[in-house]
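Hi,

Here is the structure I promised to pass on. Have a look at it first, and then read my notes below.

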Amino acid sequence: MEWWKDAIIYQIYPRSFQDSNGDGIGDIPGIISRLDHLQELGVGAIWLSPVYPSPNDDNGYDISDYKNINPEYGTLEDMDRLILEAKRRGIRVLMDLVINHTSTKHEWFEKSRRRIEPYGDYYYWAPAKPDGTLPNNWTGFFGEHCWQWDDVRGEYYLHLFARTQADLNYHCPKVLDEVKEVLRFWLDRGVAGFRCDVINLLWKDNLSDGERRLALTGLEHYLSRPETHDILRQLRKVLDGYKAFTVGETVFVTPDMARDLCAEDREELNMVFSFEHMECDQHFIKWLKHDFRPKAFFECLIKWQKELPWNTIYLENHDQPRSIPRFGCDGYWRESGKLLATLLLTLRGTPFIYQGQEIGMVDFDFDGIDQLNDVESRNVNRILSAYHVPDGMRWKIIARSSRDNARTPMQWDDGPNAGFSTGKPWLGVNRNFHFINLADQENDSDSIWNWYKDLSKLRREREVLRRGDFLWLEATHRVFVYRRRLGRERVTVALNFSNRCAWVGSQGRLLRSNYQRDSFNGRLHPWEAVILEDA
C-alpha cells in the first residue's frame, strides 16, 4: 500500500522542537510530549532531522555513529519509545539517512586516516599535485574549496560540505555493505523509511579538475552519475524487504533526472525533493536573491506537476528561509500564511509541513552574525569579508538566506522561551513569540493553525485532493488557478498572490475561503485562497 500518497508528512528539527530537560536543546522525550499536537494536525508520518551522535559542526549532518542516538537527544530506548508512541497515534517515523559523508570523528574515518584495513579506502584520499597545489580545483557547497589536509594520513581528503564532513568512497564495495547494515539496524527497530540527504551526489566518477564555474566547480564529476542509480537499486533491495519508504534530497535535479530516480519500474526512490520552485527568487546561487515573482513560481509548479506523476510538495525545510516572508506578505501575515497552506495541501503529491509552518512562524529577528549558529552562514560571511563587502551589506545578504531562519525554537506559547525550554535555548527565540504561538492560535478559530487542521481534514475526506489529476487553468503575474479531478468530482483552487483584489472566471460551490465568507462571485481579496466544488 502506498500510504505515503495519502499522508501528510511533518518534518521535525529535533534541536529546536521541544526540550524536556532544561538544557536548551530539543530532544526525543520532548518530541514524544508533543505527539498529540501532530495527531491533531492529521499527519501520517514525521521525518526527524539527524538524531545520531555528532560533533554538531553541521547540527547533526556530520554523523559520528550511525547506530546510536546523540546523548543530547536521548537514548536508543527513547527512540524506541518514540516509534511506539507515534505508532499508537497512527504516525510513522522516518529518519534522516546521511550517507554521502560522515563526521571526521567517525570510527571509519579515524581508522581510514591511519590506513587500518578494511577502512583505508572508505574515503576519497589524494596527495597534492606535483606543484604542491590541491588535488583538484573542485569547490564545495559551503562556499570553500573541498580538500582538507590530514597530518596523520599525509594526504588530503574530499569534503563537498564542511571540512569535518568527509565524503564516503563508494568505489570501495565495503562502504555500501556498511550502509546496508545501517538500514537494517533502524528498520528492525520499526522505522518506516528514510529521507536521504543529497542522495544524487554519492558517486564521484574521478578526481579530475572540473570546468570552472561561479559555484561548485567539479559538479559534472558527481551530480547524478549512472553509478549512483546502481547504488540506490542495491539499497532498495534491502528496503523492499521491510516495505520501507524513501524520499531523496536531490540537488540540481531536472524532471527527467527526477523520473530516473523515482519511476516505479526503476526501483530506486519513492519520491524526491526538487529545488527548482525554491530557486525562483535567486540569481544563480541562494545568496543572491531578487524579489519574488509569482508567475515564475507558478510556472515552475505547473512544470513539475505535469512532468512527474507524483512528487513531494513543500515550501519550507531546515535549509530554507520561512515561506511567509519569502512567498507571502508580512502585511498580510495571516491571509498569506493560509494561502500558502492551501497551495501546499491541494497540489498533487505528498505534502511536507515543516515545524512551525502550521502556526505561521517567520524568519529570525537577529541583529548580527554573532547570533547565528549555521556553519554555512559563517563561511559565507568569511568569504564576503575577504572580498571587502561592508558589514551591513554582508548581514543583509546572509540574513535573507541563512538556514538559521528556519531553525529558531518552536513557538509553543507566550511563556518563557516560547515554551520550548526552561533553560537558555541553543539558538535565539524569535521575539514575536508573544503573538505568534500555538497556544494563542488554538483558541482562535480564524488562526493559521486551525486553517491547517481544517485543510488537513478536508484532504483526508476528499480523495480528489489526495489522488486527483492536476490541471492548471490560469497563471498570471499574481493569480494561480488549478483544478483537481477524480472521476466526476472536480475541485478548483484559486489563489491571489498580491495585495490587490483580482478577478477569476472560476465558479462553483464555495468549500473554503481564508476570508471565511459564505459565497464566491469571482472576486478574490488580497492574498485570498478559495476552494470551489463543481455545483
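What follows is a walk through the sheet, some of the helices, a hairpin and two single residues.

Before anything else, keep in mind that this is a predicted model.

I'd start with the main sheet. Eight strands make it up, in the order 11-10-9-3-2-1-13-12, with parallel pairing, and the sheet is open. At the edges sit strand 11 and strand 12 (312-314), each with a pairing partner on one side only. From one strand to the next, the twist averages 25°. If you want a spot to zoom in on, try strand 1 (residues 9-12) and strand 13 (residues 350-354), which are joined in the parallel sense by three bridges. There, Ile9 has Phe352 of strand 13 as its bridge partner.

Helix 3 packs on this sheet and touches strand 2 and strand 3, with its direction at about 140° to that of strand 3. The helix has 13 residues and spans 19 Å between its first and last C-alpha, close to the 18 Å expected at 1.5 Å a residue. Its buried residues are Leu76, Asp78, Met79, Leu82, Ile83, Glu85 and Ala86, so you'll see two acidic side chains, Asp78 and Glu85, on that list. What covers them includes helix 1 (28-33), helix 2 (35-41), strand 2, strand 3 (92-97) and helix 5 (173-188). After helix 3 comes Gly90, with a positive phi near 75°.

Just ahead in the chain, have a look at Ser54. Ser54 is in the loop between strand 2 (45-48) and helix 3 (76-88). Is Ser54 buried or exposed? With a relative accessible area of 14%, Ser54 counts as buried, because the cut-off for that is under 20%. Setting aside neighbours within four places in sequence, Ser54 is in contact with Gly60, Asp62, Ser64 and Asn70.

Now for the antiparallel part. Strand 6 (residues 147-150) and strand 7 run antiparallel, with four bridges joining them. One of the pairs is Asp150 with Glu155 of strand 7. The two strands form a hairpin with four residues between them, and Gly154 in the turn has a positive phi of about 75°. Strand 7 also pairs with strand 5 (residues 125-126), again in the antiparallel sense, over two bridges. Here Trp125 has Tyr157 of strand 7 as its bridge partner. Which residues of strand 7 (residues 155-158) are buried on each side? Glu155 and Tyr157 are on one side, Tyr156 and Leu158 are on the other, and both faces are covered.

Last stop: helices 6 and 7. Leu232 is in helix 6 (residues 226-240) and is buried, with a relative accessible area of 3%. Apart from residues up to four places away in sequence, Leu232 touches Ile199, Leu261, Glu267, Glu268 and Leu269. For a sense of distance, Leu232 and Thr164 are 68 residues apart in sequence, and their C-alpha atoms are 25 Å apart in space.

Leu261 turns up again in helix 7 (residues 255-262), where the buried residues are Pro255, Ala258, Leu261 and Cys262. Viewed down the axis of helix 7, these residues fall within an arc of 120°, so they line one face of the helix. In general, an α-helix has 3.6 residues a turn, so residues three or four places apart point the same way. The cover over the buried residues of helix 7 includes helix 6, strand 11 (271-273) and helix 8 (294-307).

Have fun with it, and shout if anything is unclear.

Cheers

Notes: Residues are numbered from 1 along each chain as its sequence is written. This is a predicted model: local features need pLDDT of at least 70, side-chain atom pairs count only at pLDDT 80 or more; totals for chains, interfaces and linings use all residues. Side-chain values use heavy atoms; hydrogens and water are left out. Buried means under 20% relative accessible area, exposed over 50%, partly exposed in between (1.4 Å probe, protein chains only). Contact means heavy atoms within 4.5 Å. The expected span of a helix is 1.5 Å times one less than its number of residues. The arc is that of the directions from the helix axis to the C-beta atoms. Two strands pair if DSSP finds at least two bridges between them. Axes are lines fitted to C-alpha atoms, for helices over the stretch in contact, and angles run from 0 to 180 degrees between N-to-C directions.
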